[in-house]
Amino acid sequence: MAPPWLSRFALISSVVAASAIVRRSAALRSHLARILGVTRWHLPRVDGVIEADVAIAGAGLGGLALSAALRRRGFRVVVLERAAAARYTSQGTIALWPNGLAALEAAGGARLPAAVSKRGVAVEATEILNCGLHGSESTRRIEVGPHGVSAFFIPWAKVQQELMAAAEEGEAVGGAVRGPWLLESWTLDGRGVLGALSSALRRWRSPPWLMCSHEVAGFAEDAEAVEVRVAGGAAGAAPRVAVRASLLVGADGLFSRVRAALQGSPGGGVDLERINDYSTTNWNAILRHAAIPGPRVVPRGESRILNLASPKLSCYLVDCGEGELFWQIRQADAAWGHAQRGAGLGRPGIKARLLSLFDEAEAAAGAAAEGSSASHRPVLLERAAARVGVGARDILRVIRATAEEGIFERRIFDTQPLPAWSSAAGRVTLLGDAAHALHPTPGQGANQAFEDAAALAEALCDAADRTGGGRRLRAEDVPAAVATYEERRRRRATAVQAWAAGGGRRQRDGTWQRTKPGPEAEAFRQWVLKYPAPGEEASVPPVPNDISK
């Protein structure tokens, strides 16, 4: 008969082996969670220093795309996310253009863009109604996407899910980050096989690649690495961990703390002086087509745009696939924009405010007609009423069908171009909105972040390959790789940023869509939509003045 200690050792070994298998399979973990009644995975605090090749601040689209690209190539990656949990819900969509699809393929292989694009729909026709005062209006229909190029419109949350899955798959290829082991607990809901247990089931595991409630609070570089100081993030707990990596990538968005630290902002806060406010408020939501009474608002694979002159409104309806509709209303109003600081979901009074905007539009059109000559007044009044009625009828129907708690409100910002994205030592750099937040008018924000991720992953891989290290990144390789990344991406991203800002100013001023783009604008747009081959990114055409979407 085996001694008791041997039996206990065999049991512990079996549990550890099974745990490793479960940890490496997101699908198996999800299936077991349903069987066992696990409702949430807790990641308690870690004591000590975690070592990685690359630390990424932010688990948004850009940070996850870079994580997926590096992990599938064998790099040790840790992602530090301020939020208490990875975000899988959103009321927004992204437009995935050909350059974004090509960048995703370069970063994550052919499977990634295929998986992402099938969650949305290719929009191949757009109808635009521009309404001015005095009853003036113009309508045009653009087939096969704007200017002959289709974009996939996909809910943000679904893109996030696919990127997370791609990064999870990389765990079987990439090496695990090194550091202290931690205790992970499972919370049970009482309905599963283990629901009768009175306490949480616990197990030991190595540090995860994604660490939520861990925010980058600062960093210090030396000749070999960057030491990242970590704060508690949104959850407020104080992590007892630091991260030591060969490279820190700030992918922490518009209000990036990594960028602020690089730019020398006092206290490592947010560098508000680099953020441009367009005095514009944006409302948006996603709901199912079936939830909207009456006939279908937008056919599959199409979108509708309504631009009003007074108040300055841009309204957008787009089919975003899988039976869902995305709607967006944007108002240029300095007083309202400054009153509603920050962003929020389901703010009281949002729905009534939106509905009242169309009453204002009708009143403004009527007042303009009343001020005209008597002979023209009846015709202008009829046009004004018809304009607001026909143009806004579907939008009003959609707003009324949307629950107020599902409407997201935010202000529109971008950032001023940066003279450099990286630290002098070359161990800290920026990506996505942290480097070049764009006005959302041309729908290039996520696409440019994916281009960043692909370019940085390629530069790091090339550096590792040249030194014969395979996928083991040597500390001395990093600064040159970072310099290559910034050289390839900064001029192109800065030009796209300026192009988007021009469209944003026109939208704010009410001159958006007033003229069709000229040859220079069309050539620039085609340049943006083509993912550049190595060497092509050095050629940047002039940013055109006659910008429209």
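Mentor: Helices (H or I, at least four residues) and strands (E, at least two) are DSSP runs, numbered from the N terminus. The model is predicted: local features need pLDDT of at least 70, side-chain atom pairs need 80 or more, and totals for chains, interfaces and linings use all residues. Residues are numbered from 1 along each chain as its sequence is written, and side-chain values use heavy atoms, without hydrogens or water.

Trainee: How many helices and strands does the protein chain have?
Mentor: Start with the whole chain, which has 549 residues. Its secondary structure comes to 14 helices and 21 strands.

Trainee: What percentage of the residues in the protein chain is buried?
Mentor: Buried means under 20% relative accessible area (exposed is over 50%, partly exposed lies in between; 1.4 Å probe, protein chains only). For the 549 residues of the protein chain, the buried share is 53%.

Trainee: What share of the contacts with a separation of 6 or more joins residues 24 or more positions apart?
Mentor: A contact is heavy atoms within 4.5 Å. Take the protein chain's contacts with a separation of 6 or more. Residues 24 or more positions apart account for 75%.

Trainee: Which helix gives the most to the largest nonpolar core?
Mentor: A nonpolar core joins buried Ala, Val, Leu, Ile, Met, Phe, Trp, Tyr and Cys residues through side-chain atoms within 4.5 Å. The largest one holds 78 residues, and Leu66, Leu163, Phe450 and Leu460 touch the most other members. The top contributor to this core, with 12 residues in the stretch 445-466, is helix 12.

Trainee: How many residues are in the other core?
Mentor: This core lies apart from the largest one. Leu306, Leu325, Ile350 and Phe358 are among its members. Its count is 25 residues.

Trainee: Which residues is leucine 163 in contact with, leaving aside neighbours within four places in sequence?
Mentor: Leucine 163 is one of the core residues that touch the most other members. Phe450 shares that status, and it is also a contact of leucine 163. The full list is Leu61, Leu64, Ala65, Ala68, Leu104, Leu112 and Phe450.

Trainee: Which residues of helix 4 are buried?
Mentor: Helix 4 covers residues 98-108. Leu104, a contact of leucine 163, is on its buried list. That list reads Asn99, Gly100, Leu101, Ala103, Leu104, Ala107 and Gly108.

Trainee: What phi does glycine 109 take?
Mentor: Glycine 109 comes just after helix 4. Its phi is positive, at about 85°.

Trainee: Which residues share side-chain polar contacts with glutamate 409?
Mentor: Glutamate 409 sits in strand 20, residues 408-415. It has 2% relative accessibility, so it counts as buried. A polar contact is an N or O pair within 3.5 Å (within protein, one atom able to donate a hydrogen and the other to accept it; for residues adjacent in sequence, both must be side-chain atoms). One contact is 2.8 Å, to tryptophan 283; another is 2.6 Å, to arginine 347.

Trainee: Which strands stand at the edges of the open sheet with order 4-8-5?
Mentor: Strands pair if DSSP finds at least two bridges between them. This sheet has 3 strands and antiparallel pairing. Each edge strand has a single partner, so one side of it is left without a neighbour in the sheet. The edges are strand 4 (93-96) and strand 5 (121-123).

Trainee: Which residue stands opposite alanine 122?
Mentor: Strand 5 pairs with strand 8 (residues 151-155) in the antiparallel sense over 3 bridges. The residue opposite alanine 122 is in strand 8. It is phenylalanine 152.

Trainee: What is the bridge partner of asparagine 130 in strand 16?
Mentor: Strand 6 (residues 125-131) has 6 of its 7 residues buried, so the rest of the structure largely encloses it. It pairs with strand 16 (residues 302-308) in the parallel sense over 7 bridges. For asparagine 130, the partner is asparagine 307.

Trainee: How far apart in space are serine 246 and leucine 473?
Mentor: Serine 246 lies in strand 14, residues 241-250, and is buried at 9% relative accessibility. It touches Leu473, along with residues including Ala52, Asp53 and Arg427. The two are 227 residues apart in sequence, yet C-alpha to C-alpha they are separated by 8.0 Å.

Trainee: What is the phi of serine 213?
Mentor: Serine 213 is in the loop between strand 11 (210-212) and strand 12 (215-221). At 15% relative accessibility it counts as buried. Most residues other than glycine have a negative phi. For serine 213 phi is positive, near 60°.

Trainee: What phi does serine 279 have?
Mentor: Serine 279 is in strand 15, residues 275-288. It is buried, at 19% relative accessibility. Although it is not a glycine, its phi is positive, at about 50°.
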